[in-house]
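Biologist: Take me through one part of this model closely, please. I want the small sheet, the loops between its strands, and the side that touches the rest of the chain.

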Amino acid sequence: MSASTAPRRPGPTPTPVSQPFWDAAAAGTLTLQHCGRCDAVVFYPRHRCPRCWAEALAWRPASGRGTVATYTVVHKPGHPAFAPDTPYVVALIDLAEGPRMLSAVVGCEPGQVRIGMPVRVRFTAGADHPLPLFEPEEEP
Ligand SMILES: [Zn+2]
């Protein structure tokens with residue numbers, strides 16, 4: 001399939017609450033909300049802290065590091081635009097700050113992904129909406 005006939009990839013739909021997350025992503029930074037009352041780290045983006053109900057949530061840069069909590073290898077995508085990427089890995093990432101994020105693991109073969117594997121964020125390049133994906137953390 002040529003690029004001109006390939007279906008357009010669906011992307012996120014920013015809301016007033018999530019717009020700061022996507023603005024930071026466009027600048028290559030992963031951000032999370034922090035509660036000014038109870039210090040909870042919050043993801044996904046919300047109006048109120050899910051722990052203490054305060055509205056005092058502020059955006060802060062995150063480390064971009066985490067570990068693979070679980071994953072699956074996708075062979076048949078849910079949207080035809082992702083067919084060229086198959087097989088790919090959809091994973092739940094336990095971020096170093098605490099929240100769990102649904103994303104994908106890139107930069108390695110699907111068979112190399114393991115539960116507990118250290119990963120770091122890498123944003124998609126050249127996309128309308130850069131997405132936070134994760135790649136294996138290099139061994140120290
Ligand atoms: Zn709170």
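Modeller: First, a term: helices and strands here are DSSP runs, at least four residues for a helix and at least two for a strand, numbered from the N terminus. The model is a predicted one.

Start with the sheet. Three strands form an open sheet in the order β2-β1-β3, and the pairing is antiparallel. β2 and β3 (57-61) are at the edges with a single partner strand each, so one side of each has no neighbour in the sheet. In general, strands of a sheet pair through backbone hydrogen bonds. Strand β1 (residues 31-35) runs antiparallel to β3, and five bridges join the two. One residue pair fixes the register for you: T31 has P61 as its bridge partner in β3.

Now the loops. D39 lies in the loop between β1 and β2. Its phi is positive, about 70°, though D39 is not a glycine. The cut-off for exposed is 12 or fewer C-beta neighbours within 10 Å. D39 has 10 inside 10 Å, so it counts as exposed.

The loop between β2 and β3 holds Y44. The peptide bond from F43 to Y44 is cis, with omega near 15°. W53 is in the loop between β2 and β3 too. W53 also has a positive phi of about 70° and is not a glycine. With 11 C-beta neighbours inside 10 Å, W53 counts as exposed.

Next, the setting. The domain assignment splits the chain into domain 1 (12-62) and domain 2 (63-140). Over C-alpha atoms, the domain centres are 21 Å apart. Contact involves 11 residues of domain 1 and 12 residues of domain 2. On the domain 1 side, α1 (19-26) and β2 (41-42) each supply at least two residues. α1 gives the largest share, three residues. That side of domain 1 has 10 nonpolar residues, one polar and no charged.

For reference, look at some strands further along. Strand β4 (residues 65-74) pairs with strand β7 (residues 118-123) in the antiparallel sense over three bridges. G66 stands opposite V119 in β7. β7 also pairs with strand β8 (residues 132-136), antiparallel, over five bridges. There, R122 has L133 of β8 as its bridge partner. One more cis peptide bond is worth a look: it joins T86 and P87, with omega about -10°. P87 sits in the loop between β4 and β5 (88-95).

How values were computed. Residues numbered from 1 in each chain as written. Predicted model: local features only at pLDDT ≥ 70, side-chain atom pairs only at ≥ 80, totals over all residues. Domains from an automatic or database assignment. Contact = placed C-beta atoms within 7 Å. Nonpolar A, V, L, I, M, F, W, Y, C, P; charged D, E, K, R; others polar. Pairing = 2+ DSSP bridges. Buried ≥ 20, exposed ≤ 12 C-beta atoms within 10 Å, placed from the backbone.
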